[in-house]
Structure formats: structure tokens, C-alpha cells
Amino acid sequence: MTTVQYPTSPASKLAIDQLKALRARLTGNLITAESAEYDEARRVFSLLVNRRPLAIVRAANAQDVATGVRFARTHSLPLAVRSGGHSVGHHSVIDDGVVLDLSAMKQIVIDPVTRIARVGAGATSGDLAGPASAHGLALSTGDTHSVGMGGLTTGGGIGFMVRKYGLAIDNLLAAQVVTAAGEIVTASPDAHPDLFWAIRGGGGNFGVVTEFTFQLAAVGQILGGDLVLPATREVLRGYLDYVAVAPDELTTIAHLMHAPPTPYMPPERVGEPVLSILLCWMGSVEDGERALAPLRALATPIAEAVGPMPYPAIYQFTAHQAQPLAASIRSMFADELSDATLDAALAALDRATSPYSAIQFRGLGGAMARASNDATAFAHRDKRYLVLLLAIWLDATEDAARHQSWTTGLWEAIRAEGAGVYVNFLENEGAARLRDAYPSATLARLRAIKHRYDPQNLFRFNQNILPNVDGAERQLGRVQTNR
Ligand SMILES: Cc1cc2nc3c(=O)[nH]c(=O)nc-3n(C[C@H](O)[C@H](O)[C@H](O)COP(=O)(O)OP(=O)(O)OC[C@H]3O[C@@H](n4cnc5c(N)ncnc54)[C@H](O)[C@@H]3O)c2cc1C
């Protein structure tokens, strides 16, 4: 355990005794500006974030989290919550406040008989995938191994198995949550069901999840990899038409991008505009080969690296995006994408301001669409596609505005075809976009639950849902609560 030094500048003198007392109550670490690990601890995934918290509570358990929550509340300090640190809106580290850092809470306990996993909220998709795979099991999470389960799951969780096994939240049986009052509660269909509904898509607004209980799926080998096709409107249209009607066993994530220098890319094709289709088939290899045939028939592949593999191996195809980077992102769900939109995306790729930028298309449906839109706070289950505009650069000193204008330029051209947005892919885009994330009935219910669990809006560094003070109880409707 690290010895903690306390701030000595006049401005922070008042806090010394309080920080000492906090330190004494923690099993985990208290990290301040004078701690050796301060710079490492305040670093997150985005290279654009460089903030200096007053204190980072690196929690070891739920009690530490509760202690941190009570400390922030008692001293009226701003409080941010961090698990994997991948916040697209840069919410998980703040200046001059307290950061509740769950990244050390990575415990994973798997019962191979019941296929139930208890997962610390600081674990990443990759942390879980390996141990689960050792039992022939897997959880539907995201597309990148480094993303934290804390933020991913509370937003929904859309990944390589979404069409076969739904969102991450569709496999959530219960969660341990520290509320704004500093209480440690269980949220499940039977206990705090309103809270359980809200944390399945409502983000970090309602409390700090310290542990998730998931039902894992029996997943042995998958047929997975990357199929790289020429970037033409016909190929893109063929891809979009097929992935909306393909068997549920097939989930795909495609990127319009410049061909990267992967080991399987012919060197002379590197840099060419391509549609790189990441594939995950959950079934027999023979059936999978049949299911992939319509994609291979769209054009002569430029490159292909597809084969049987254990599920965690699919993350090697996205390992490049697990490295810290700078990004400007816009995204939308869509049901129909016109030729004009596809042409705009292809043209934007030609004038991309960075060789790493991409336009991502995911086919949805399948298991995700089988629950009703009001089953959870994630309310976009009926959408056919997810589209992401990703300006990505690796040097934080580059002109961010230039890259951002690429993203927003394309966004303005295509946003009319958007049908809502995934809360986890929102930057700080204003209140109107929060209404795109949550239809009005969902938002009203979330605001009522927010009022019940966090009336002072302690948890506000997120896509913030304001507590509904007037008529909150009425808007709870038929939602039960044990609180
Ligand atoms: C490279 C990359 C790839 C991605 N791919 C996918 C994908 O395939 N599918 C997908 O669904 N999403 C994806 N995302 C989005 C991702 O789900 C969100 O950014 C998510 O918030 C990250 O979670 P985190 O724990 O890593 O982030 P953090 O930055 O630690 O947290 C983000 C926010 O989540 C909330 N939060 C975090 N932990 C907790 C907790 N324990 N309890 C309550 N609230 C909490 C807080 O409000 C916090 O500000 C991706 C993001 C990146 C950067």
C-alpha cells in the first residue's frame, strides 16, 4: 500500500485533516497530487483529458465506494465515477473534485454450473472474456477489450454478440449499487426494481454499481475475423441489406476506413478505402461459412482473416482501438440509410483529416429487438442500424478543431436519417441529444427514479438526467420500489 502524502498548498490546507480522515477509513488507496501514482491515476483513455482531481479514491470494495460517496456529499465536493475510463463524454475525471475510481475492483467469480458470473465493476470486457472462455462461456459486452464493464453496462452494452445474446444488460440478473445516500443495496427484479430498470441504460445517474451479476451464455468456438471489401456504395448497400436479415448468430461491425497495415492486408492495398467487416458467428463453422457467403459475394475480397477461434480472440481485431487516442464522435441509430447518406460517408472518407478516421456501421436486431422498448432504460431496441462517425488521431497536439469539423460536417449531412442515439456514444452534445437518447416516456420515468435515488444530483458527471422534483412520485407509475 502506498504512503499517502497530503497537499500542502495554502488553498488545500483546509482539506488536509479531512483527507487524512478519509484515508484512514479506506481499505483501498487515497491518491492526491503528491502521490507517486497521481499522474497515472488521473489518466483516462482519451488523450484529450488532462484534469487534476483533488482526490482519487481507488476503492477496494463497496464500503470504500460508500465512504467516498459520503465524503463528497458531506464536503459538497463534485464527484466523478470511473471504471474503465473510456467515457466518450470525458466524464470520469474532473478538476478539483473527488474521483471514485473502481478500476481496482476487477474480481470475477464464475459458477460454471449455473453459468452465473459476479463481476467487479472495474473489470473490463477483456478481463471477463478470458476466464469465462476457460469455462466455455461468454457475456455479450462491447467490441473492445479495454472498455470498462461499469460504464458499458450501465449504458446498455452493444457488442459482438448483440444479435444472438442481446445487450449486456439483457444478461444482467442483479447489481450491487452504492446510492447517493451512501447505502449499499442490491438492485434486481425483486429488490429496488425501479433502480434495476434505470441502471440498465440510464448510465451512471442513479448510483455507483460495484458488482454485476450476469448470466453467461455457453459459447465455445466462434467463427470470427475480418472480411475486407472495396469501399463502394454497392458493397455498403449490400452489407446493410444483408446484416439486417442475417441469422441472429451473425453479428457484424463494419468500418469504412483506409486499409490499415495489418499482417493480412496485401501491402499494395494499404491506405485504400475499404469496408472492413468484423464478423462474429456463434454457431457451427459449416453454418457460419454459409451465413458469410452473401457478404463474400458482394465483391472480390481485398483481404480476409476469418476462421474458428475462441471468443476472446475476436478482440485482437480491435486491439488498435484499445490504445489511448483522441477522438471526435457523432453517432445515431437508423432504420433506413439512403444512397445519399452512403455517398456522403464515402465522400467523407476521401477527405478524412486523419488516416485513422472511420465511419462505423453495425447491424442490430435479433435478440436485442426481442425485448420491448420499455423493458429497460435502454429504449432503442427496434433500431436496425447503429452508425458512428469517428475522427481519430493519436497525437494530442494535433489541431482538434480540424478533426472535429470533419465529424460534424458529415454529421450535419446525414443526421436527418438518425432515429435516436446510444447514450454511451454521446459526447457533450447538449440537452436535445439527451432526448434523442431517451424517448420522452423513458426520460420522464428516469427523472422520477433519479428524484427518488439522487435528488441532489450528486451523480452529475455523466449524460445527466435531472431529478424531477414536481410530480416525481406520480411519474413513477406502476414501478414498484422497496425503498
Ligand atoms: C474505444 C471504445 C470502444 C467502445 N466500444 C463500445 C462497444 O462496442 N459497445 C458499447 O456499448 N460501448 C462501447 N463504447 C462506449 C463505452 O461503453 C462507454 O464509453 C462507457 O461509458 C465506458 O465505460 P468505462 O467504464 O470504460 O468508462 P468510464 O470513463 O470509467 O465511465 C464512464 C461513465 O460511466 C459511468 N460509470 C462508470 N462506471 C460506473 C459504475 N461502476 N457505476 C455507475 N456508473 C458508472 C459514469 O457516469 C462515468 O462517467 C466504446 C468506447 C470506446 C472509447
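Modeller: Two strands pair if DSSP finds at least two bridges between them. The model discussed here is predicted.

Biologist: In S6, which residue is the bridge partner of Val109?

Modeller: S5 and S6 pair in the antiparallel sense, and 4 bridges connect them. One of these strands, S5, carries Val109, whose bridge partner in S6 is Arg118.

Biologist: Which residue takes a positive phi in the hairpin of S5 and S6?

Modeller: Strands S5 and S6 are antiparallel partners. In their hairpin, 4 residues lie between the strands. The residue with a positive phi, near 60 degrees, is Arg115.

Biologist: Which strands stand at the edges of the open sheet of 5 strands?

Modeller: The order of this sheet is S5-S6-S10-S8-S9, and its pairing is antiparallel. A strand at the edge has a single partner strand, so one of its sides is left without a neighbour in the sheet. The strands placed in this way are S5 (108–111) and S9 (184–187).

Biologist: By how many degrees are neighbouring strands of this sheet turned against each other on average?

Modeller: The sheet in question is the open one with the order S5-S6-S10-S8-S9. With direction ignored, the average turn between its neighbouring strands is 15 degrees.

Biologist: In S10, which residue is the bridge partner of Gly120?

Modeller: Strand S6, residues 116–120, pairs with S10 in the antiparallel sense over 5 bridges. For Gly120, the bridge partner in S10 is Glu211.

Biologist: At about what angle does helix H3 run to S8?

Modeller: Helix H3 is formed by residues 62–74. It lies across S8 (172–178), S9 and S10. Relative to S8, H3 runs at about 45 degrees.

Biologist: Which strands stand at the edges of the open sheet of 7 strands?

Modeller: The 7 strands follow the order S15-S12-S14-S13-S17-S18-S16, with antiparallel pairing. Each edge strand has a single partner strand, so one side of each is left without a neighbour in the sheet. These edge strands are S15 (303–310) and S16 (326–334).

Biologist: Which residue in S15 does Leu227 stand opposite?

Modeller: Strand S12 (residues 221–230) runs antiparallel to S15, and 8 bridges join them. Opposite Leu227 in S15 stands Glu304.

Biologist: At about what angle does helix H9 run to S12?

Modeller: Helix H9 spans residues 285–296. The strands it lies across are S12, S13 (250–258), S14 (273–281) and S15. Relative to S12, H9 runs at about 15 degrees.

Biologist: How much of the area that the ligand exposes when taken alone does the protein bury?

Modeller: Polar side-chain atoms of Ser92 and Tyr422 each lie 2.6 Å from an oxygen atom of the ligand. A polar backbone atom of Gly151 is 3.0 Å from a ligand oxygen atom. Taken alone, the ligand exposes 950 Å², and the share of this area buried by the protein is 94%.

Biologist: Which element gives the most to the shell around the ligand?

Modeller: In addition to its side-chain contacts, the ligand has an oxygen atom 3.0 Å from a polar backbone atom of Gly151. Strand S3 (79–82), helix H5 (149–155) and strand S10 (208–215) are the elements that give two or more residues to the shell. The one that gives the most, with 3 residues, is H5.

Biologist: How many residues of the shell around the ligand are charged?

Modeller: The ligand is surrounded by 34 residues, the closest being Ser83, Ser92, Asp143, Ile158 and Tyr422. Of the shell, 13 residues are nonpolar and 18 are polar. The number of charged residues is 3.

Key. Residues numbered from 1 in each chain as written. Predicted model: local features only at pLDDT ≥ 70, side-chain atom pairs only at ≥ 80, totals over all residues. Heavy atoms only, no water. Near = heavy atom within 4 Å. Polar contact = N/O pair within 3.5 Å; in protein donor to acceptor, adjacent residues only side chain to side chain. Areas by Shrake-Rupley, 256 points an atom, 1.4 Å probe, with all protein chains shown as cover. Nonpolar A, V, L, I, M, F, W, Y, C, P; charged D, E, K, R; others polar. Axes fitted to C-alpha atoms, helices over the stretch in contact; angles between N-to-C directions. Contact = heavy atoms within 4.5 Å.
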